[in-house]
Amino acid sequence: MAAVLERDLTDLFPAGTLITDPAECAFYAQDVHSMGPLPRAVFRPGDIAELSAGLRAADGMTIIPRGGGLSYTRG
């Protein structure tokens with residue numbers, strides 16, 4: 001599924017906006033307190049237009065917003 005998402009977004013967004021490398025995605029699966037499930041992809045939009053387009057492209061996929069990764073509450 002990440003390959004489909006990556007292919008669909010490659011033409012829409014600058015390089016580095018979509019991360020699919022498992023080792024790099026693992027960084028985004030953790031915070032100070034815990035490790036969550038490994039995401040298939042991490043989308044880092046640069047502005048509201050990219051965010052909107054990315055959410056449309058990810059239609060039907062689970063999306064988990066992430067803050068700074070400093071939560072002590074498993075948030």
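This passage describes the fold, helix α3 and selected residue environments of a predicted model.

The chain contains 3 helices and 2 strands. Along the sequence these elements are arranged in the pattern α-β-α-β-α. Of the 75 residues in the chain, 24% are buried. Among contacts between residues at least 6 apart in sequence, 55% join residues that are at least 24 apart.

Helix α3 spans residues 48–57, and E50, A53 and G54 are buried in this helix. Viewed down the axis of α3, the buried residues fall within an arc of 100°, so they line one face of the helix. An α-helix has 3.6 residues a turn, so residues three or four places apart point the same way. I48 and R56 are exposed, on the other side of α3. At the start of the helix, a side-chain oxygen of D47 comes to within 3.1 Å of the backbone nitrogen of A49.

Within α3, E50 combines a charged side chain with a buried position and has no salt bridge. The nearest side chain of opposite charge belongs to R44, at a distance of 9.6 Å. A salt bridge would require a side-chain nitrogen of Lys or Arg within 4 Å of a carboxyl oxygen of Asp or Glu. With residues up to four places away in sequence left out, E50 touches F13, P14, T17, F43 and P45. L51 is also found in helix α3. L51 has a relative accessible area of 34% and is therefore partly exposed, since this class covers values between 20% and 50%. Under the same exclusion of residues up to four places away, L51 touches F43 and P45. F43 and P45 thus appear among the contacts of both E50 and L51.

The loop between α1 (2–10) and β1 (18–19) includes G16. T17 is found in the loop between α1 and β1 as well. G16 counts as exposed because its relative accessibility is 54%, whereas T17, with a relative accessible area of 6%, is buried. The C-alpha atoms of G16 and P45 are separated by 9.4 Å, and the two residues are 29 residues apart along the chain. When neighbours within four places in sequence are set aside, T17 is in contact with V42, F43, R44, P45 and E50. Of these partners, V42 and F43 form β2 (42–43), and E50 lies in helix α3.

R44 is placed in the loop between β2 and α3. Its relative accessibility of 49% makes R44 partly exposed, the upper limit of that class being 50%. R44 and L18 are 26 residues apart in sequence, and their C-alpha atoms are 6.3 Å apart in space. Not counting residues up to four places away in sequence, R44 touches T17, I19 and Y28. With Y28 there is also a polar contact between the two side chains, at 3.1 Å.

Y28 takes part in an aromatic pair as well. The count of aromatic pairs comes to 1. In this pair the ring centres of F27 and Y28 are 5.1 Å apart and the ring planes stand at 90°, so the arrangement is edge-to-face, planes over 60 degrees apart being assigned to that class. Y28 counts as buried because its relative accessibility is 18%, under the limit of 20%. Y28 is therefore a buried residue that pairs with the ring of F27 and makes a side-chain polar contact with R44.

I63 lies in the segment after α3. At 46% relative accessibility, I63 counts as partly exposed. I63 and V42 are 21 residues apart along the chain, with a C-alpha separation of 9.5 Å. Leaving out residues up to four places away in sequence, I63 touches L55 and A58.

How values were computed. Residues are numbered from 1 along each chain as its sequence is written. This is a predicted model: local features need pLDDT of at least 70, side-chain atom pairs count only at pLDDT 80 or more; totals for chains, interfaces and linings use all residues. Side-chain values use heavy atoms; hydrogens and water are left out. Buried means under 20% relative accessible area, exposed over 50%, partly exposed in between (1.4 Å probe, protein chains only). Helices (H or I, at least four residues) and strands (E, at least two) are DSSP runs, numbered from the N terminus. The arc is that of the directions from the helix axis to the C-beta atoms. A polar contact is a pair of N or O atoms within 3.5 Å; within protein, one must be able to donate a hydrogen and the other to accept it, and residues adjacent in sequence count only if both atoms are side-chain atoms. Rings of Phe, Tyr and Trp (its six-membered ring) pair if their centres lie within 6.5 Å; planes under 30 degrees apart count as stacked, over 60 as edge-to-face and the rest as tilted. Lys and Arg count as positive and Asp and Glu as negative; His and the chain ends are not counted. Contact means heavy atoms within 4.5 Å.
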